[in-house]
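Me: Could you walk me through the metal sites in this one?
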Amino acid sequence: MSPAASAPPADWNARRLRAQKLLARRPQAAPLLEFLIELLELQRDLFAWAGGQDWLSAVAAAEGEFPRLRLARLPLEELSGRFSEFLERAAEIGTDVVRGLAENLTAQGTDSQRLVLAAYLAREPLDTLAKALGCDPLQLEFFPRAFAQPLAEALAAQAAQAAQTAKADGKPPEEWHENFCPVCGGPPQLAVLLDEALIKSRRLLECALCRTRWPFRRGLCPHCGEDKAEQLEIHTTEDLPHLRVEECKTCRGYLKAVDLRKDGLAVPLVDEIASIELDLWADERGLWKLQPNLVGI
Ligand SMILES: [Zn+2]
Ligand SMILES: [Zn+2]
């Protein structure tokens, strides 16, 4: 039997091509997609670098423990130089806000940068650090998150490979019903709907950090656990038939789902960002997003 959770291949080229394709089709999301295309380049380099490092034994949880990876155990001294470099490159591609904040962080020096990275990896709130820098925590989070995401993805791939070699240890459990990633503990960014060989119309959640997907019951709010059908509403539009907003009326939260049965060429993380009008619509409706995406929407 195949493991319950798995990551789609880290195909950076496919992401870039999809973003370029949607850029031509979706002018309303153009600034976000242009930024994403540049960011993917930086992340691809980090992914390649992380793939060549030997961090897995340091971050792997004990046998049978989940999530499998403890990113807070990553060697900060080794990451620090790369993070500084990432900030400098992000300043070159970002919006005024990103550039200003990246320059601010660069000027603070490596100790402050390391604090930001350490807090993010340990899932601690960034409020105090953001206040000291005079910015919004969500804006500040962009940097450690965009930096850590390809690292987490590389580690998840290494962990999956190691688990395959060992034939058991480290494999995600067959049944995983939590609302966080079994591999890295990250929150779900979005849902994916697809047909599998044995199970039709399967709903999976995709991790915002390492991109692992794990099956999650349809008709269940990942945030508050609501499962009454009348409290869960799905919204679709004609313009974007393969996207939908999954609203929970109990906690007022929503996440977007990408229906790969309707568009098999979609790359969920890119299509989610490109469908910003659904987020604007949800915001007007008074809903909050369970997990803002990489570009802060
Ligand atoms: Zn994950
Ligand atoms: Zn809910």
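Me: Which residues coordinate the zinc ion (ligand 2)?
Reply: In this predicted model, the zinc ion (ligand 2) is coordinated by the SG atoms of Cys221, Cys224, Cys248 and Cys251, at 2.3 to 2.4 Å, where donors are N, O and S atoms within 2.8 Å of the metal (3.2 Å for Na, K and Ca), and water is not among the atoms, so sites may look incomplete.
Me: And what is the geometry of that site?
Reply: The site of the zinc ion (ligand 2) is tetrahedral, with angles of 103 to 115 degrees among its 4 donor atoms; four donors count as tetrahedral if all angles lie between 85 and 135 degrees.
Me: How are those donors spaced in sequence?
Reply: The donor residues of the zinc ion (ligand 2) follow C-x2-C-x23-C-x2-C. Cysteine 221, in the loop between β3 (213-215) and β4 (232-236), and cysteine 251, in the loop between β5 (243-248) and β6 (253-259), are 30 residues apart, and the pair links distant parts of the chain; strands are DSSP runs (E, at least two residues), numbered from the N terminus.
Me: Are cysteine 221 and cysteine 251 buried or exposed?
Reply: Both cysteine 221 and cysteine 251 are buried, meaning under 20% relative accessible area (1.4 Å probe, protein chains only).
Me: Switching sites, what are the protein donors of the zinc ion (ligand 1)?
Reply: They are Cys181, Cys184, Cys207 and Cys210, each through SG, lying 2.3 to 2.4 Å from the zinc ion (ligand 1), and their spacing along the chain is C-x2-C-x22-C-x2-C.
Me: Why is the arrangement around the zinc ion (ligand 1) tetrahedral?
Reply: Because its 4 donor atoms subtend angles of 98 to 120 degrees.
Me: Any conventions to note?
Reply: Residues are numbered from 1 along each chain as its sequence is written, and chains are lettered from A and ligands numbered from 1 in the order in which they are written. Local features need pLDDT of at least 70, side-chain atom pairs count only at pLDDT 80 or more, totals for chains, interfaces and linings use all residues, and side-chain values use heavy atoms, with hydrogens and water left out.

Technical notes: Four donors count as tetrahedral if all angles lie between 85 and 135 degrees; four count as square planar and six as octahedral if opposite donors are over 155 degrees apart and all others between 65 and 115; anything else is irregular. Helices (H or I, at least four residues) and strands (E, at least two) are DSSP runs, numbered from the N terminus. Buried means under 20% relative accessible area, exposed over 50%, partly exposed in between (1.4 Å probe, protein chains only).
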